[in-house]
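Visitor: I should like to take a close look at a single part of this protein, namely its interior. Please explain, in one connected account, what is packed there and what surrounds it.

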Amino acid sequence: MRTGWLIHPPDPVPYGVANEAMHLLAERRLADEIPDTLIVLEHPHVFTAGRRAKEEELLWSPGEVAARGGEVHRIDRGGSFTYHGPGQLVGYPILDLGTKPDAAVHLRRLEEIVLRTASELGISLHRRADVQTGVWHGDAKVCAIGVRLMRARVTLHGFAVNCNNDLSWFRGIVPCGLPDHGATSLSDLVGREVTVEELCPLVFRHARDVLGLRFRIAPADVSDQFRAPLVA
């Protein structure tokens with residue numbers, strides 16, 4: 001089993017900070033300067049728009065989003081609009097898939113991590129090949145997945161699992177471009193509060209097994225890239 005780095009900031013990380021740091025790490029992974037890395041964190045309220053997102057799928061005006069304490073970011077992953085916020089576990093694997101990368105296999109692995117994690121809570125979730133990538137309970141999505149391959153080789157972005165986040169934020173977008181599908185959370189499905197803190201060790205263990213990585217904590221100078229800059 002290969003050794004990889006784990007980055008797990010203790011506080012929510014602003015999306016812009018995490019996105020920049022993630023891309024820098026992907027460049028370093030591409031140059032073989034660092035090992036495969038898994039970043040697991042929470043974000044403050046934010047809508048992210050992938051390459052297929054349409055303007056009309058943002059249902060709240062930018063002013064309303066800002067008034068609610070959120071942000072909107074257009075980014076370079078696939079897919080449409082999704083939401084991130086407190087109480088949602090977000091995972092960004094920075095992996096070198098090699099000279100013959102298989103993006104579909106990578107997506108199935110991310111789904112598998114979440115499926116195995118949910119099963120430990122007694123929740124049976126499933127894939128929806130008839131709709132799109134992600135992890136579902138019926139017509140409600142529990143985990144959104146969107147990725148990009150840098151130079152067709154190193155993975156960026158990843159998965160977002162609804163733990164005990166405020167699902168009302170999904171009313172501000174057409175989630176994943178699917179107007180007839182909703183979102184639910186592990187807390188709603190299990191009938192009790194399931195926190196990110198509770199879920200983290202399960203995700204770490206199943207990511208280790210599915211990705212074949214033995215994790216060690218990343219060096220401090222790397223983890224510190226995921227800290228918000230101090231405001232004078």
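Guide: The account below begins with the interior and then moves outward to the charged pairs and a small sheet. Please keep in mind that this is a predicted model.

The largest nonpolar core holds 34 residues. Those with the most contacts inside this core are Leu89, Leu125, Phe159, Val161, Leu186 and Leu199. The elements that give two or more residues to this core are strand 2 (37–41), helix 3, strand 8, strand 9 (154–162) and helix 5. Helix 5 provides the largest share, nine residues. As a general background, nonpolar side chains tend to be buried together in soluble globular proteins.

Helix 5 itself spans residues 196–211. Its buried residues are Val196, Leu199, Cys200, Leu202, Val203, Phe204, His206, Ala207, Val210 and Leu211. After helix 5 comes glycine 212, whose phi is positive, near 70°.

Leucine 186 gives a detailed view of the packing. Leaving aside residues up to four places away in sequence, leucine 186 touches Ala118, Leu121, Ile123, Leu125, Val142, Val161, Asn162, Cys163, Val194 and Leu199. Three of the names listed earlier for the most contacts inside the core, Leu125, Val161 and Leu199, thus return among the contacts of leucine 186. A second core, separate from this one, has 25 residues and includes Met22, Ile34, Leu156 and Ala218.

Serine 185 lies in the loop between strand 10 (182–183) and helix 4 (186–190). Is serine 185 buried or exposed? Serine 185 is buried, with a relative accessible area of 2%. When residues up to four places away in sequence are not counted, serine 185 touches Asn162, Cys163 and Leu167. Asn162 and Cys163 also appear among the contacts of leucine 186.

Cysteine 163 leads to a further point about the interior. Cysteine 163 is buried, with a relative accessible area of 0%, and cysteine 143 is likewise buried at 0%. How many disulfides does a search of the whole structure find? The search finds zero. A disulfide is a covalent bond between the sulfur atoms of two cysteines. For cysteine 163, the closest cysteine sulfur is that of cysteine 200, and it is 7.8 Å away. A disulfide requires the two sulfur atoms to be within 2.5 Å, so the separation of 7.8 Å is too far for a bond. Cysteine 200 is one of the buried residues of helix 5.

The charged side chains form the next part of the picture. The structure holds 17 salt bridges. One of them joins arginine 74 and glutamate 55, with the closest N and O atoms 3.2 Å apart. This pair links distant parts of the chain: arginine 74 is in strand 4 (residues 71–74), whereas glutamate 55 is in the loop between strand 3 (46–49) and helix 2 (62–67), 19 residues apart. Arginine 74 is partly exposed at 46% relative accessibility, and glutamate 55 is exposed at 56%.

Another salt bridge connects glutamate 112 with arginine 127, the closest N and O atoms being 3.1 Å apart. Because glutamate 112 lies in helix 3 (residues 103–120) and arginine 127 in the loop between helix 3 and strand 7 (135–137), the pair ties together parts that are 15 residues apart in sequence. Both residues are partly exposed, glutamate 112 at 23% and arginine 127 at 34%. They also belong to a network of salt bridges that links Arg108, Glu111, Glu112, Arg116 and Arg127.

Aspartate 139 and arginine 128 meet in a further salt bridge, at 3.1 Å from N to O. Aspartate 139 lies in the loop between strand 7 and strand 8 (140–150), and arginine 128 in the loop between helix 3 and strand 7, so this pair ties together parts that are 11 residues apart in sequence. Here aspartate 139 is partly exposed, at 47%, whereas arginine 128 counts as buried, at 12%.

Strand 4, which contains arginine 74, also takes part in a sheet. Three strands form this open sheet in the order 4-3-5, with mixed pairing. Strand 4 and strand 5 (81–84) are the edge strands, each pairing on one side only. From one strand to the next, the twist averages 25°. Strand 3 and strand 5 run antiparallel and are joined by four bridges. Valine 46 has histidine 84, in strand 5, as its bridge partner.

Note on methods
Residues are numbered from 1 along each chain as its sequence is written. This is a predicted model: local features need pLDDT of at least 70, side-chain atom pairs count only at pLDDT 80 or more; totals for chains, interfaces and linings use all residues. Side-chain values use heavy atoms; hydrogens and water are left out. Buried means under 20% relative accessible area, exposed over 50%, partly exposed in between (1.4 Å probe, protein chains only). A salt bridge is a side-chain nitrogen of Lys or Arg within 4 Å of a carboxyl oxygen of Asp or Glu. Two strands pair if DSSP finds at least two bridges between them. Axes are lines fitted to C-alpha atoms, for helices over the stretch in contact, and angles run from 0 to 180 degrees between N-to-C directions. Contact means heavy atoms within 4.5 Å. A nonpolar core is a set of buried Ala, Val, Leu, Ile, Met, Phe, Trp, Tyr and Cys residues joined through side-chain atoms within 4.5 Å.
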